[in-house]
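The following exercises concern side-chain contacts and aromatic pairs. Please work through each task before reading its solution.

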Amino acid sequence: MERRETILIVDDETDLARGLSRTLQMALPVTVHTAASGTDALGILKKEPVDLILSDISMPEMDGMDLLEQILAGDATQTVIMMTAYGTIDVAVSAMKKGAWDFLQKPFASDTLVRMVTKGLERHRLLRENRELTARLAETSGSPIVGNSAPIRHTLDTLAMLGRSDVTVLIRGETGTGKDLAARAIHEASSRKGKPFVTVNCPALPEGLLESELFGHKKGAFTSADTDKVGLIDQARGGTLFLDEIGDLSPGLQTKLLRVLQNREIRPIGDTQSHTIDVRILAATNQALESKIDDTSFRADLFYRLNVATVTLPSLRDIREDIPLLVEHFLSKASRDLKLPRKQLSPALMASVCSRPWPGNTRELENTLTGWVALTPGDTIDLCELPDTPSHADTQDDPFAMPYLDQKDNIIESFTRDYLHRLFSATFGNVALSARKSGIKRQSLQKIIQRYAIDVESYRK
């Protein structure tokens, strides 16, 4: 039986805690625990998993801020909602900066509580599922494929299945979709794990040099051949040879590779004898090889030898729901690699990132985020702080222009209006607080308010 999601309410006002517990259990299929102090809460967390924590800020002995710090020290992804009385909003905002997911200002309506807890549980569920997927692929790849969408789930299952066999696999997908990660995942899931994984970038070397690199050569085979050279195919013996962008292989090398696949043997340049090989071959392409067969630039028989099994990787536009997860993954990686503090995107910038077409897929997304981490100050990266951000006059045809000001996309407009409604509802129309809470500069937020003719006063009633 699947475990019910669990909520922990921490408040020294026990009657209030019991009332909140009843409200949540009547509205949601959850188990609710209550604790009258931070110490009691930590004791519960040691005994069983909790999916969401609802904690008061003002408590004796250990206050909510100290409790938040200890909770996040044990699990930095824990979803914590802080409850605060009127007049302590600044403290709540400080708590969010320290890692709280959101806050509720007392007194609050039951439907407000249920709505926020529901969204918090959705957030926790998404993070948990992503950790599980990452762990699954960590067993088959040193570089995890991040995502929680149906296409990514299908891809992970396919890679794991292909790893259990020893067939030749053709990996297809647009530039930047992670074909190298898929190849390594197949290798790490196979019985050849622990043996060599050798990558050959087919377009990177001229035909003559690539032939020598692949097959090796004997001393004296050509002018500069001063010693014997072991080729990459032999270096992969017992393991996997990954031929990246196989569509760029020259016709001559296509013929020689076909013989390798047919006979499972190679002959180094200048050698008079062939020898057998034990190597699994994986190939990848971003090209339509069928069209290259039609124009005779790619051998049909080689295609059929390579295409024993196929996996096609989704483009980023096919998995837009995974973009926030990818953003978090790449921001963490960039901050770690660059030895800089962890950064996040403002909601406005996240919306813009999610709307961009990303023709270079996850590779372009990663490179862009890495540049932002390196070149922008502060903990939050905002649209107006990005280097080389085009002016309003230059953004008419720019798919990455600020969506609130320059684009007419109905999805982005809907997102914006919904976000602003939730933002101003939470802050009762306080623009300064809304700017701090959202990570948007106050001047930028004022422009957005004007753009959408938002009646901020209506939220102050």
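**Exercise 1.** Determine which side chain makes a polar contact with that of T240, and describe the surroundings of T240.

*Solution.* Step one: the side chains of T240 and H187 are joined by a polar contact of 2.7 Å, where the term denotes a pair of N or O atoms within 3.5 Å, one able to donate a hydrogen and the other to accept it, and residues adjacent in sequence count only if both atoms are side-chain atoms. The model is predicted, so local features need pLDDT of at least 70 and side-chain atom pairs pLDDT 80 or more, whereas totals for chains, interfaces and linings use all residues. Residues are numbered from 1 along each chain as its sequence is written, and side-chain values use heavy atoms, without hydrogens and water.

Step two: T240 belongs to strand β10 (residues 240-244), strands being DSSP runs of E with at least two residues, numbered from the N terminus. With a relative accessible area of 0%, T240 is buried (under 20% relative accessible area, 1.4 Å probe, protein chains only).

**Exercise 2.** State how many aromatic pairs the whole structure holds, and analyse the one formed by F197 and F242.

*Solution.* Step one: the search finds three aromatic pairs (ring centres within 6.5 Å). In one of them, F197 and F242 are stacked, at 6.2 Å centre to centre and 20° between the planes (stacked: planes under 30 degrees apart).

Step two: F197 lies in strand β7 (residues 197-201) and F242 in strand β10, so this pair ties together parts 45 residues apart in sequence.

Step three: F197 counts as buried at 16% relative accessibility, and F242 at 0%.

Methods: Helix = DSSP H or I, 4+ residues; strand = E, 2+ residues; numbered from the N terminus. Buried < 20%, exposed > 50% of the residue type's maximum accessible area, 1.4 Å probe, protein only. Phe/Tyr/Trp six-rings, centres within 6.5 Å; stacked < 30°, edge-to-face > 60°.
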